Amino acid sequence: MCNCGKKRTAFKQQRIIDPNLAAVVPQQSSLQSIQPVKTVMFQYTGNTALSVIGNVTRKSYRFSFPGDIQHITLSDAAGMAAIPVLKRI
């Protein structure tokens with residue numbers, strides 16, 4: 001039976017010792033290093049529904065009904081602004 005999970009957990013719990021600090025410093029979790037994503041809001045002004053894929057992030061955005069508002073990643077905003085039925089708010 002594989003015990004890979006135990007090795008992975010043990011690896012994550014390792015500590016880095018900096019000889020200049022003479023103290024034990026825990027490794028920074030990958031979740032702590034994630035920066036918040038900046039977004040802008042767009043409103044759908046069409047008549048039905050619309051699905052759009054961001055030209056930079058390749059993320060799928062779904063406007064389900066007329067007037068629907070979605071948060072769009074800032075890097076995708078320029079491409080969304082080129083769509084006539086989407087209005088930045």
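Trainee: Let's start with glycine 54. Leaving aside neighbours within four places in sequence, which residues is glycine 54 in contact with?

Mentor: Glycine 54 is in contact with Lys59, Tyr61, Asp76 and Met80. Keep in mind that this is a predicted model.

Trainee: What makes these four count as contacts of glycine 54?

Mentor: A contact requires heavy atoms within 4.5 Å, and Lys59, Tyr61, Asp76 and Met80 qualify once neighbours within four places are set aside. For aspartate 76 there is also a C-alpha to C-alpha distance from glycine 54 of 5.2 Å, with their positions 22 residues apart in sequence.

Trainee: Glycine 54 is found in a loop, between strand 4 and strand 5. Why is glycine 54 called buried?

Mentor: Buried means under 20% relative accessible area. Glycine 54 has a value of 0%, so it is buried.

Trainee: Arginine 58 lies in the loop between strand 4 and strand 5 too. Is arginine 58 buried or exposed, and how do you know?

Mentor: The cut-off for exposed is over 50%. Arginine 58 has 58% relative accessibility and therefore counts as exposed.

Trainee: What is notable about the phi of arginine 58?

Mentor: The phi of arginine 58 is positive, about 65°, although this residue is not a glycine. Most residues other than glycine have a negative phi, so a positive value draws attention.

Trainee: On to glutamine 70, in strand 6, residues 69-73. Why is glutamine 70 called partly exposed?

Mentor: Partly exposed lies between the 20% and 50% limits. With a relative accessible area of 23%, glutamine 70 belongs in that class. Isoleucine 69, also in strand 6, has 38% relative accessibility and therefore counts as partly exposed as well.

Trainee: How do you know that the side chain of glutamine 70 makes a polar contact with the side chain of aspartate 68?

Mentor: The limit for the N or O atoms is 3.5 Å, and this pair is at 3.2 Å. A polar atom of the glutamine 70 side chain also lies 3.2 Å from the backbone oxygen of arginine 62.

Trainee: Which residues does glutamine 70 touch, not counting those up to four places away in sequence?

Mentor: Glutamine 70 touches Val40, Met41, Phe42, Arg62 and Phe63. Phenylalanine 42 is 28 residues away along the chain, yet the C-alpha atoms of the two are separated by 5.6 Å.

Trainee: What makes the set with Val40, Phe42 and Phe63 a nonpolar core?

Mentor: Its members must be buried nonpolar residues joined through side-chain atoms within 4.5 Å. The largest such core has 11 residues: Val40, Phe42, Tyr44, Leu50, Val52, Tyr61, Phe63, Ile72, Ala77, Met80 and Leu86. Strand 3, strand 4, strand 5 and helix 2 each supply at least two of them, and the largest share, three residues, comes from strand 3. Alanine 77, one of the core residues, touches Val40, Phe42 and Ile72, with residues up to four places away left out. In soluble globular proteins, nonpolar side chains tend to be buried together.

Trainee: Which residues make the nonpolar surface patch of about 230 Å²?

Mentor: Met41, Ile69 and Ile89 make that patch. A patch residue needs over 30% relative accessible area, and isoleucine 69, at 38%, therefore passes.

Trainee: To finish, how many helices and strands does the chain have, and in what pattern?

Mentor: There are two helices and seven strands, in the pattern α-β-β-β-β-β-β-α-β. Of the 89 residues, 18% count as buried.

Notes
Residues are numbered from 1 along each chain as its sequence is written. This is a predicted model: local features need pLDDT of at least 70, side-chain atom pairs count only at pLDDT 80 or more; totals for chains, interfaces and linings use all residues. Side-chain values use heavy atoms; hydrogens and water are left out. Helices (H or I, at least four residues) and strands (E, at least two) are DSSP runs, numbered from the N terminus. Buried means under 20% relative accessible area, exposed over 50%, partly exposed in between (1.4 Å probe, protein chains only). A polar contact is a pair of N or O atoms within 3.5 Å; within protein, one must be able to donate a hydrogen and the other to accept it, and residues adjacent in sequence count only if both atoms are side-chain atoms. Patches are made of residues with over 30% relative accessible area and no salt bridge: like charges are joined within 9 Å, nonpolar side chains (Val, Leu, Ile, Met, Phe, Trp, Tyr) within 5 Å. Accessible areas come from the Shrake-Rupley method with a 1.4 Å probe; for residues, only the protein chains shown count as cover. A salt bridge is a side-chain nitrogen of Lys or Arg within 4 Å of a carboxyl oxygen of Asp or Glu.
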